Structure formats: structure tokens, C-alpha cells
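User: I've got a new model open and I'd like to learn how to read it. Can you walk me through the features one at a time?

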Amino acid sequence: MFGIYLHIPFCRRRCKYCDFITYAGKEELMPGYFAALIAELRHQANKLQDLPHQVDTVFFGGGTPSLLKAEWVKDLIDCIDKEYGLVKGAEISLEANPGTLSPAFSAKLLEAGVNRLSIGVQSFIDHELALLGRIHNPSQAVEAIHSARQAGFRNISLDLMFGIPGQSLADWQANLQQALALQPEHLSLYSLILEAGTQLFDDVESGKLQPVLEDLSADMFELAMDVLVEEGFSHYEISNWSRGEAFEAQHNKIYWKNQPYLGVGAGAHSSINGLRVANTPSIEDYINKMNSVKSAENGNFPATVETLRLDAYTMQQETMMLGMRLTREGVSADAFNERYGKAILDVFPRELEHIIARKLVEWRSFPDGPHLVLTRGGILLGNQVFQEFV
Ligand code: SF4
């Protein structure tokens, strides 16, 4: 599998908890940024050696990709198809902010080739959205989901957040119930992380807001696990649930399976053949670098500010750390062996002994042989498992 990620670092306003590479008040740079993305896609298609021949997934992430014009989204998808080749039925996802998703725009996105929308709802409770600094209100979220459905989207994912200061278990349950009533195919549920440098972090540090305690946050996660499985969802990744395998997020599975992806745009990361690269986070710098890309004999990654070559052991560690997040399928012993020429047990004997003895992971039979998978206890203490492979 091979995926392309396009980073769209524009937002109407910065949410109070956000530490992503994104900027508010720079929307006038969007036309130049769009041209720069096209330039980078073309450049990389010519320069990068040993790229997989076709693209299985495309992901427009951000930031707020739903601020792009639908024509630009179409041109970018067409460019990827022309330069790299899209497999038939490729998953093409776009992250959408409910405050920016009208019925007409949803229809245009579908026409442009987007076949999966990931809608950043976060909460259906007014004061929670206000506390997070989101630009939308609960009814806009509901309308955005209805618009997407009416436009013809058959693969809709909703993002919800738990552990919001002041949130009770009942509030969280109400959010889950409202999400379920809208019948999404996929749900991503994230615990709010208070990142230093964000307004929410400062508000909690100063005592203005009370953080949700760890125990309550764990109860919220367990409640979601129970409710969603009862409702027929499959819990296939620590933070992700889908209505069956067909609706699992294919693009994100490329990351969790440590497979190659090309990231284009300011602040985007790529992972190709053991090489990790990060593009410049500045929109202006990115546009300038891409403007000169045609004339200069730029290297493989003309907007790169950081390059890292991973050795085999680090790749193996990452494969375990990321793959163990896949709660349904875990890590296949045969696939690991085939990829690295070594058995998981030989590379990580002590680590495995430790987490198997603590009943955090177990071997399960799959049609292609044994897979190492988290137990329910391991899902709840996932970080302790992932840390074994750091
Ligand atoms: S919409 Fe998303 S990327 Fe933009 S500021 Fe809010 S959390 Fe950050």
C-alpha cells in the first residue's frame, strides 16, 4: 500500500487546544499554496526513485482542507492520478470542519473524487465546543453530516473528543448517542491532550479550568468501547471504530502498518524506503521553495528541513509500536518475518515475555498465521505496550 497526504495548513481561527501546523488569517495565500502543491506533486513524481507504482489512498488533512475550493481538490486528485496513478476505488479522504461544509460544497467534493469525509465534530454540546474554541455549533455539525449524506457520501467518519474540562460521563455518553443517531460509518475518539503553548493548557495551569481526571477519562474510553461494540462497530485501532473492515481508514492503516507514504505541503512528513523527511512548516517558505523548483536542480525533497535515515532495528521497533495499535489485527508474525528476515520473537524476546506475562498482548490465529494482538487489558494500558518497543 502507498498513500499520499496533502497538508492544508489554513484555519479560520485557531482552536484553543490546537498545536498542529496550521495558521489562521493567511487565507490569501491559498491560491499560491495550491500551485505549490501541484508543483511538489509533479516534482516528486519525477524525482523520487523506487516509489510504489500506484497510489492506494489520498488524504487531505490539516488544518482545514474544507477551506480549499472544490476545483482545487479536483485538480490535485487529477494531478495525482496523472503523475502517480490512482488504483481503482482508491480511498480519497478529506478532513472537513462542520463550519465550512455546505450542501453544495459537499456535492462538489464528491464530484471532484473525494469518497470519504472525516468531519471534525468534537462535541455535540454547545458549551464544550465554545470551550474548545471551535468555529461551529452543534446544529451546524448535524447539518454538515446531513449535507454530506444527501450529497451522496457513503463513507463518513466523525471525530469526537473526550476528557474536555468539565465534561461528565453523562455528557460523554450523550455525545456518543448523538453521534450514533447520525449513523456514521466510522468514528475516531480522542482524549483531549493539553499541549503546552495552547490557550487551554494555560487555562488549566492557571486554575481557570479543571482538567478531567485520568480515572474519569479512562471510564469514558471504556464506556465508548462497550457502547460502540454493542452498536455493531468494530474497534480496529486504539482510537478508531468502524462498521466493519470495509470502512476502516485505509490511509491511516498505511501509517499504522509502517508502509510508505508521501506527504506534500508545508509541515508534511514522508516515509519512503526507511527515509523520514519533514517539509518546512512555513507556508511562505514552502511556496517560495516550490516556485523555484522548476529552475533549480533541487534534490528529492526540495521543501525539506529535516531528513532521517532509519536503521533496520528502528524500523522494526516502529513496526511493532505502530502495528500494536491495530486492536483487531495487531502485527502478523509472518508479515514481519517476510519484511525483515527475522522473527518478532527473535528481535524482541524480553519485551514479548514481559507483556505476554502481564496479559497485555496475546497470540491469535489468523488465516495468514499468528498475529500478536492487544488484550482488552492491553487496550486500556496501550501506552505501556507501545513503550516496550521504543
Ligand atoms: S480546526 Fe483543527 S487544525 Fe484548525 S485550529 Fe482547530 S483543531 Fe487546529
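**Reading the fold**

Analyst: Sure. Start by counting secondary structure: this protein has 16 helices and 17 strands. Keep in mind that the model is predicted.

User: What does the radius of gyration say about how compact the protein is?

Analyst: The idea is to hold it against the globule rule, 2.2 Å times the number of residues to the power 0.38. Here the radius is 21 Å and the rule gives 21 Å for 390 residues, so the protein is as compact as a globular protein of that length. Along the principal axes, the C-alpha trace spans about 60 × 55 × 45 Å.

User: How many of the residues count as buried?

Analyst: Buried means under 20% relative accessible area. By that cut-off, 54% of the 390 residues are buried. As for the accessible surface, it comes to about 17100 Å², with 51% of that belonging to carbon and sulfur atoms.

User: And what share of the contacts links residues 24 or more positions apart?

Analyst: Among contacts with a separation of 6 or more, 72% are of that kind.

User: Where do the centres of the charges lie?

Analyst: There are 33 positive and 49 negative side chains, and the centres of the two sets are 5 Å apart.

User: How do I check a single helix, say α1?

Analyst: Compare expected and actual span. At 1.5 Å a residue, the 18 residues of α1 (residues 30–47) should span 26 Å, and the end C-alpha atoms are 25 Å apart, which agrees. Its buried residues include Met30, Phe34, Leu37 and Leu41. Among the elements covering the buried residues of α1 are β1 (3–8), α2 (70–83) and α10 (283–291).

How values were computed: Residues numbered from 1 in each chain as written. Predicted model: local features only at pLDDT ≥ 70, side-chain atom pairs only at ≥ 80, totals over all residues. Heavy atoms only, no water. Helix = DSSP H or I, 4+ residues; strand = E, 2+ residues; numbered from the N terminus. Buried < 20%, exposed > 50% of the residue type's maximum accessible area, 1.4 Å probe, protein only. Contact = heavy atoms within 4.5 Å. Areas by Shrake-Rupley, 256 points an atom, 1.4 Å probe, with all protein chains shown as cover. Lys, Arg positive; Asp, Glu negative; His and termini not counted. Charge placed at Lys NZ, Arg CZ, Asp CG, Glu CD. Expected span 1.5 Å × (residues − 1).
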